[in-house]
Amino acid sequence: MMSGMKQIKHHLTEPLLMGYAAGTLPEAFNLVVATHISMCDNCRAALAEYEAVGGEVMVDVDPIDVAEDALAATMAMIESGTLTEKPAPARVKNSIFPGPLQDYVKGDLDSLKWRKVGGGVSQMILPTSKDASVRLLRIPAGTAVPDHGHRGTELTLVLQGAFVDDEDRFAAGDVEVANEDLQHTPVAEEGMDCICLAATDAPLKFSGLLPRIAQKFVRI
Amino acid sequence: MTFRKSGAKKLTAEQATKRMAWVIQVSAVRDNKDKAAFAELFGYFAPRVKSFLMKSGASPDLAEECTQEVMATLWNKAHMFDPAKASVSTWIFTIARNRKIDLLRKQKRPEPEDLPWGPEPEPDQADAMGLQQETEQLGQALAALPEEQRKLIEKAYYGELSHSEIAAETGLPLGTIKSRIRLALERLRHTMK
């Protein structure tokens, strides 16, 4: 176990790490992956491996000629200084929101604009590209999220507190990767509200009628 | 004599020489703004970056523009390259990937927090050499995969497969590079304490 890290038990899957390394995931998933990696050295190392694979795939392609003046044009670009990097956004330490998440959530936990989604659960949708969606969820201690299944993939990363579902217990830093074959009822543990970052690439399927009606309004 | 003992490993060392040559070229760009070294890197990598971007869905014009920006970024960020953490091929790939997301997909790319490593010591030569060698071995192992499996991995990197289409067991020959990267991270965590 590496020093100073949380005891993370639930990690990203290989396809997600590979997709993130390749740059082919929806932005909402990238946010969950980058946030988890900020908390998990195990997955950080695994990402470096998949990036190494990407480098080898890239050098193995059949090269295609660049423009005749490409080198000169590139030198001109360098010398003109027109290619500037955006400065890294300011980030605070010791927030429950790791750096990449801070770029999407302005302010701290107390200043967030939560919207109730029923059963005491609140959410805040974060702006990303439309191919998937991501939200912060606040589940009061001891409360259950309505029983639901999944059409696509749902990633749930715990930031604070813990939840337990039919599969296992998920605490801060743990990520649950759910797909079509998982039907679950996550329950937040007693003691502390559970704050999660959850991304989906398809709407969830709720079992009860009432949550299905509510779904129309809350965009889960 | 150690001289003769190295016979069996000679091939690997020669192949690693190519990668160490890239490392030296990047250092020359960083330290001396060496245009000849940059031209060498450009000659090898630019046509590969362009090809990779076109396979990822860029038009020839966009791929050309994007490739020049990737290579200019290499020049600008040469001071950030660490040969004990990545091969030059890996590093250029990540620059190209980020540019692809920006230009082709018009999305923001959330990046993990940097580790608070602080001022880093000069990378250990043996670590750098080891990582370069292992990346070369990874490349060879990849090339030696059965055709079907290799194509699948290529498609994943070109964006022709979604994450749910990438089989959970990719069977990638990650081998020793895995343990070296982990070891490097653990060592860095340890020195941070």
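This is a short tour of where chain B meets chain A, in a model that is predicted.

**Start with the whole interface.** Colour the two chains differently and select the residues in contact: 70 from chain B and 67 from chain A. Between them the chains bury about 6200 Å², with 63% of that on carbon and sulfur atoms. Now pick out B:E113, B:Y157 and B:H163, the residues of chain B that lose the most area to chain A; together they make up 13% of what that side buries.

**Next, look for charges and polar pairs.** The interface has 3 salt bridges. One to show is B:K35 with A:E79, where the closest N and O atoms are 3.1 Å apart. There are also 19 residue pairs in polar contact across the interface, counting residues at pLDDT 80 or more.

**Then switch to a cartoon view of chain B.** The elements that give two or more residues to the side touching chain A are α3 (35-55), α4 (60-76), α5, α6, α7 (147-158) and α8 (175-192). Highlight α3(B) for the largest share, 15 residues. Colour that side of chain B by residue type and you get 33 nonpolar, 14 polar and 23 charged residues.

**Finish by zooming in on B:Q107.** You'll find B:Q107 in the loop between α5 (88-103) and α6 (125-143) of chain B. Is this residue buried or exposed? B:Q107 is buried, because its relative accessible area is 10%, under the 20% cut-off. Show its neighbours, and among the residues it touches are A:L25, A:P26 and A:D131 from chain A, plus B:I101 and B:D102. Its side chain makes a 3.1 Å polar contact with the side chain of A:S129, and a polar atom of that B:Q107 side chain lies 3.4 Å from the backbone nitrogen of A:E27.

Technical notes
Residues are numbered from 1 along each chain as its sequence is written. Chains are lettered from A and ligands numbered from 1 in the order in which they are written. Side-chain values use heavy atoms; hydrogens and water are left out. Helices (H or I, at least four residues) and strands (E, at least two) are DSSP runs, numbered from the N terminus. Buried means under 20% relative accessible area, exposed over 50%, partly exposed in between (1.4 Å probe, protein chains only). A polar contact is a pair of N or O atoms within 3.5 Å; within protein, one must be able to donate a hydrogen and the other to accept it, and residues adjacent in sequence count only if both atoms are side-chain atoms. Contact means heavy atoms within 4.5 Å. Buried area is the accessible area (1.4 Å probe) that two parts lose on being put together, summed over both. A salt bridge is a side-chain nitrogen of Lys or Arg within 4 Å of a carboxyl oxygen of Asp or Glu. Ala, Val, Leu, Ile, Met, Phe, Trp, Tyr, Cys and Pro count as nonpolar, Asp, Glu, Lys and Arg as charged, and the others, Gly among them, as polar. Lists of a residue's contacts leave out its neighbours within four places in sequence.
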